[in-house]
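Work through the exercises below with the sequence and the model side by side, and try each task before reading its solution.

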Amino acid sequence: MKAAVLYGKEDVRIESVADPTPAAGEVVIRVKAATTCGTDLKVWRRGGHARMLTPPILFGHEAAGEIVALGAGVTGWRLGDRVVANNSAPCGQCFYCQRQEFSLCPHLEFNNGTFAEYLKIPASIVRHNLLPIPEHLSEEMAALTEPLACVLHGVARCGWQPQQWPSPPQIVVIGDGAIGLMFVGVLAQQGARVLTFGGSDQRLAIAETFGAEQVVNHHQCEDMPAVVKDWTTGRGADIVIEATGVPQVWEVAIACGRPGATINLFGGCPRETRISVDTERLHYEELTLKGVFHNTPAFVRQALALIANQTLPFEMLVSGRAPLTEIEQVLQAMKARQVIKVALHP
């Protein structure tokens with residue numbers, strides 16, 4: 001089969017590799033749609049990922065398709081079933097899994113290689129995170145399940161319980177990539193007031209469609225915390241979500257929070273980077289700085305259900321379609337911020 005193989009920094013090649021064969025408990029799907037992600041862009045630019053892959057390796061992690069082969073012992077699935085598979089599954093038995101902290105599982109099994117004609121799904125993912133696609137839903141939309149599951153996990157970790165707040169929280173989302181825009185849509189749908197910072201007027205227009213109360217192009221803003229204070233009558237945001245993965249922006253995010261705020265540091269930064277934190281603010285203003293990573297099986301299911309009910313226009317996040325052979329051009333277009341997500345059709 002044809003597949004994209006990542007070799008290093010900005011080095012991805014289309015090669016002919018062996019067709020996958022399922023072992024016991026595994027399945028193989030024909031990839032009908034594989035969507036690109038900001039994480040794919042970062043991995044391509046950085047030449048790897050601290051947790052998920054080390055080159056040379058098959059590339060891509062969001063896909064949906066149909067089952068074409070079943071390994072021994074697989075039950076509940078048939079050839080031709082349309083499915084979406086999360087790119088990981090926890091072990092379900094370790095210290096963290098027993099405490100429902102599935103994203104911290106040290107045995108979390110990742111699966112890459114969606115930018116290919118076929119994709120083998122490991123047995124653990126078949127057991128925990130392989131889901132049927134509703135009849136009315138396209139493979140392109142189903143492929144967005146994994147990033148949305150990460151966003152739902154991030155929202156849940158922000159500490160906002162609507163029934164416990166006397167008024168809707170004022171939440172700042174920094175970043176207008178697909179993840180940032182998904183955060184805007186989910187938070188606005190849940191009743192939050194959202195201010196979004198981004199660098200593209202076109203993407204900020206999508207944020208408004210998704211429910212943002214106010215949008216600000218950071219290229220036209222010299223002092224983001226000051227804008228936030230104006231919006232919140234001098235306090236600062238109740239919750240700040242950083243969705244860029246830039247250390248300097250992590251520091252800006254912290255500066256945008258009010259006393260008692262939760263700062264959700266969601267965007268993954270390059271390895272061995274550091275930030276500075278004002279310890280006086282952290283202590284006396286009782287800030288909560290929270291790193292949030294990945295998703296859990298429950299949020300994978302919630303994400304697919306949210307996409308399927310079609311209450312948010314997630315199709316606006318897919319900027320276009322391309323054959324697998326154009327993966328290099330697609331990544332270059334993402335680097336230039338000309339597209340948000342692209343659906344590859346192997």
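**Exercise 1. Find how far apart the mean positions of the positive and negative charges of the chain are.**

Begin with the counting rule, in which Lys and Arg are positive and Asp and Glu negative, while His and the chain ends are not counted. Each charge is then placed at NZ of Lys, CZ of Arg, CG of Asp or CD of Glu. With 29 positive and 34 negative charges in the chain, the two mean positions come out 4 Å apart.

The model is a predicted one, in which local features need pLDDT of at least 70 and side-chain atom pairs count only at pLDDT 80 or more, whereas totals for chains, interfaces and linings use all residues. Residues are numbered from 1 along each chain as its sequence is written, and side-chain values use heavy atoms, with hydrogens and water left out.

**Exercise 2. Compare the radius of gyration of the chain with that of a compact globule, and describe its extent and burial.**

First apply the globule rule, 2.2 Å times the number of residues to the power 0.38, with the radius taken over C-alpha atoms. For 346 residues the rule gives a value near 20 Å, and the chain agrees because its radius of gyration is 20 Å. Next, the C-alpha trace spans about 60 × 45 × 40 Å along its principal axes. Finally, 55% of the 346 residues are buried, where buried means under 20% relative accessible area, exposed over 50% and partly exposed in between, with a 1.4 Å probe and protein chains only.

**Exercise 3. Determine the strand order and the edge strands of the open sheet of three strands.**

Start from the secondary structure of the chain, which comes to 12 helices and 18 strands; helices (H or I, at least four residues) and strands (E, at least two) are DSSP runs numbered from the N terminus. Two strands pair if DSSP finds at least two bridges between them. The open sheet has the order β2-β1-β4 with antiparallel pairing, and its edge strands are β2 (11-16) and β4 (57-58), each of which pairs on one side only. Strand β1 (residues 2-8) is joined to β2 by six bridges in the antiparallel sense, and G8 has D11 in β2 as its bridge partner.

**Exercise 4. Place A34 in its strand and list its contacts.**

A34 belongs to strand β3, which covers residues 27-35 and pairs antiparallel with β5 (residues 63-70) over seven bridges. The bridge partner of A34 in β5 is A63. On the other pairing of β5, three bridges join this strand to the antiparallel β6 (residues 82-85), where R82 stands opposite E66. A34 is buried, because its relative accessible area is 0%. Leaving aside neighbours within four places in sequence, A34 is in contact (heavy atoms within 4.5 Å) with E62, A63, T114, F115, V342, A343 and L344.

**Exercise 5. Which loops hold E286 and Q310, and are these residues buried or exposed?**

E286 lies in the loop between α10 (279-284) and β16 (288-291), and its phi is near 50°, a positive value in a residue other than glycine. E286 is exposed, because its relative accessible area is 60%. Q310 is found in the loop between α11 (297-309) and β17 (318-323), with a positive phi near 60°. At 53% relative accessibility, Q310 counts as exposed.
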